Amino acid sequence: MTQFGPEYVRAIAPYQAGKPIAEVAREFGLDEATIVKLASNENPFGVPESSKAAMAKAAAELGRYPDANGFELKAALAERYDVPADWITLGNGSNDILEIAAHAFVQKGEAVVYSQYSFAVYALATQGVGARAIVVPAVKYGHDLDAMAAAIDADTRLVFVANPNNPTGTFIGAQEIEAFLNKVPSNVIVVLDEAYNEYLAPEYQFESASWVRKYPNLVVSRTFSKAYGLAGLRVGFAIAQPAVTDLMNRIRQPFNVNSLAQAAAIAALNDKEFLAKGAENNAAGYKQLTAAFDELGLEYVPSFGNFVLVRVGDDDGAGARVNLALLKQGVIVRPVGAYGLPQWLRISIGLPQENAAFIDALKKTLA
Ligand SMILES: *Cc1c(COP(=O)(O)O)cnc(C)c1O
């Protein structure tokens, strides 16, 4: 039989996304309206009203191509992060940024370093360019930055660091990240993926975008999919020095961020109330979920994101079994067996009543 494509493409295991509500309703014969989805770290408040209004206005111009250079969105981001606009690369979600980085900086036969239990897209982006993955064992479910620095070999061109990490929720402080950046050879690009940055409590916040001035090999990646509530629109961005940004923009598809997404992102960026409401709900939901886990005697990884990784049993069938039982009760969470965590589930933090529905279903399942 003819085999198409390179071996390294055939070896890729497809990404497993959270199940859509409509699919679960069909599969389990449930009413869509009663289903609770806490599976993809989406914002439980949905799209900000400010973004809806901006999109309604932008919709009149949908007959035209979007601004390939994203002038207005980049101007807004440049102001927010105090960097020149030509230090910014726009992405079709930050997944796109991760892919662009792999394509711009790594070729077949070279290597990429990332942590065990880190974001699944790092493996996909690495395999997609035929590079070798150097997966560094995690410590307490988080990145071991010393070991990651030590793992960089002569072939390494790129390192992915997720902070906070998904699916484990672990966080690395500013000092440790800077110490790491000081150790990485100057010809190796570091992508610091901060998809959950906006959820950090003020005492943990640091302005990584400003480090880009000091580190010519640093790429800071952010997204509008999580705290800004725009996951379905697909907008992310990277901040890096012009030499790096220029290469990323050569790989980037010219119209990768559509016009509705550009308009919505500008509005969301300036919607401080929406972010504050989301952060407040997230902190309360974290307490609600972890109190229930404590009550049930379940181990969880302390999380700095909008989700919690919880161990639902001590056999390797536990995650899949509990997940199925929850689905039958109309609660969608994320099994993480594909991450090598078959005893665990990842629960996105929802609205209080959504968290309560999940806790209720979990208690029934474990009883
Ligand atoms: C959700 C997530 C992303 C962002 O995905 P988008 O493509 O921006 O929707 C990036 N990195 C991590 C670690 C994530 O969890």
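Which pocket does the ligand sit in? In this predicted model, the ligand sits in the second largest pocket. The legends below start there and then step back to the domains.

**View 1. The residues around the ligand.** Let's begin with the shell: G93, S94, N95 and F119 are around the ligand, together with N166, D193, A195 and Y196, and the list is completed by T223, S225, K226 and R234. Sorted by class, this shell has 6 polar residues, alongside 3 nonpolar and 3 charged ones.

**View 2. Side chains that meet ligand oxygens.** Here we zoom in on N166, Y196 and S225, which are among the residues around the ligand. For N166, an N or O atom of the side chain is 2.7 Å from an oxygen atom of the ligand. In the side chain of Y196, an N or O atom is 2.6 Å from a ligand oxygen. The side chain of S225 likewise has an N or O atom 2.6 Å from an oxygen atom of the ligand. As for how much of the ligand is covered, it exposes 390 Å² when taken alone, and the protein buries 95% of that.

**View 3. Two domains and their contact.** Stepping back, we see the protein chain divided into domain 1, made of 7-46 + 273-366, and domain 2, which covers 49-269. Their centres, taken over C-alpha atoms, are 24 Å apart. To the contact between them, domain 1 gives 29 residues and domain 2 gives 30 residues. If you would like to place the ligand shell on this view, look for residues such as N166, Y196 and S225 within the 49-269 stretch of domain 2.

Notes: Residues numbered from 1 in each chain as written. Predicted model: local features only at pLDDT ≥ 70, side-chain atom pairs only at ≥ 80, totals over all residues. Heavy atoms only, no water. Near = heavy atom within 4 Å. Polar contact = N/O pair within 3.5 Å; in protein donor to acceptor, adjacent residues only side chain to side chain. Areas by Shrake-Rupley, 256 points an atom, 1.4 Å probe, with all protein chains shown as cover. 1 Å grid on protein atoms, 1.4 Å probe; cavity = no way out; pocket = protein on both sides within 12 Å on 5 of 7 lines; lining within 4 Å. Sits in = over half its atoms within 2 Å of the grid points. Nonpolar A, V, L, I, M, F, W, Y, C, P; charged D, E, K, R; others polar. Domains from an automatic or database assignment. Contact = heavy atoms within 4.5 Å.
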